[in-house]
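The following paragraphs examine a strand arrangement and then a single residue in a loop beside it. The reader may wish to keep the sequence and the coordinates in view throughout.

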Amino acid sequence: MEMTRERFEELVSDALDEVPGELMALLNNVVILIEEESPPGEGELLGLYEGHALTDRGWDYAGVLPDRITIFRNPTLRICDTEEDVIDEVSVTVVHEIAHHFGIDDARLHQLGWD
């Protein structure tokens with residue numbers, strides 16, 4: 001599947017717009033990025049959360065760089081056949097990575113059907 005970076009960014013933005021405002025308001029000290037490829041040695045990741053989940057933050061959490069949610073464009077495009085597939089994958093990936101920010105692990109996401 002081929003898609004311009006600009007269109008992919010629009011789809012990520014649209015996926016973020018679909019997240020309920022009440023939930024987005026709870027995101028704290030997090031930035032959302034788009035990269036072309038997943039990190040070397042990490043396989044074909046579609047997204048990655050790096051940081052301190054809200055559930056792990058204690059009284060001493062201060063002065064740290066923002067958490068990072070990264071959505072990877074090329075791995076997503078490689079597994080999709082149509083733009084509709086990309087829209088679906090981006091939506092699931094965005095929800096998945098935001099869930100990690102809230103301390104929800106992969107096992108629980110799998111139980112909830114978000115894999």
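Two strands are taken to pair if DSSP finds at least two bridges between them. The model under discussion is predicted. On the criterion just given, three strands form an open sheet in the order β1-β3-β2, with mixed pairing. The edge positions belong to β1 and β2, each of which pairs on one side only. On average, and with direction ignored, neighbouring strands of this sheet are turned by 15° against each other.

The term "mixed" can be followed pair by pair. In general, strands of a sheet pair through backbone hydrogen bonds, in either a parallel or an antiparallel manner. Here β1 and β3 pair in the parallel sense, over six bridges. Within that pairing, V30 stands opposite D67 in β3. The strands β2 and β3 (residues 67-72), by contrast, run antiparallel and are joined by four bridges. Two positions illustrate this second pairing: G47 stands opposite I71 in β3, and L48 has T70 of β3 as its bridge partner.

The sheet also carries a helix. Helix α1 (residues 5-18) packs on the sheet and touches β1 and β3. The direction of helix α1 makes about 150° with that of β1.

How many of the six residues of β3 are buried? Five of them are, and β3 is therefore largely enclosed by the rest of the structure. The cut-off behind this statement is a relative accessible area under 20%.

Attention may now turn to the loop between β1 (30-35) and β2 (47-50), which is where S38 is placed. Is S38 buried or exposed? Its relative accessibility is 10%, and because buried means under 20% relative accessible area, S38 counts as buried.

The surroundings of S38 can be described through its contacts. Leaving aside neighbours within four places in sequence, S38 is in contact with G43, E44, L45, F72 and P75. For two of these residues, backbone atoms are reached by the side chain of S38. The S38 side chain lies 2.6 Å from the backbone oxygen of G43, and it reaches the backbone nitrogen of L45 at 3.4 Å.

In summary, the model presents an open sheet of three strands in the order β1-β3-β2, a helix α1 packed on that sheet, and a buried residue S38 in the loop between β1 and β2.

Terms used: Residues are numbered from 1 along each chain as its sequence is written. This is a predicted model: local features need pLDDT of at least 70, side-chain atom pairs count only at pLDDT 80 or more; totals for chains, interfaces and linings use all residues. Side-chain values use heavy atoms; hydrogens and water are left out. Buried means under 20% relative accessible area, exposed over 50%, partly exposed in between (1.4 Å probe, protein chains only). A polar contact is a pair of N or O atoms within 3.5 Å; within protein, one must be able to donate a hydrogen and the other to accept it, and residues adjacent in sequence count only if both atoms are side-chain atoms. Contact means heavy atoms within 4.5 Å. Axes are lines fitted to C-alpha atoms, for helices over the stretch in contact, and angles run from 0 to 180 degrees between N-to-C directions.
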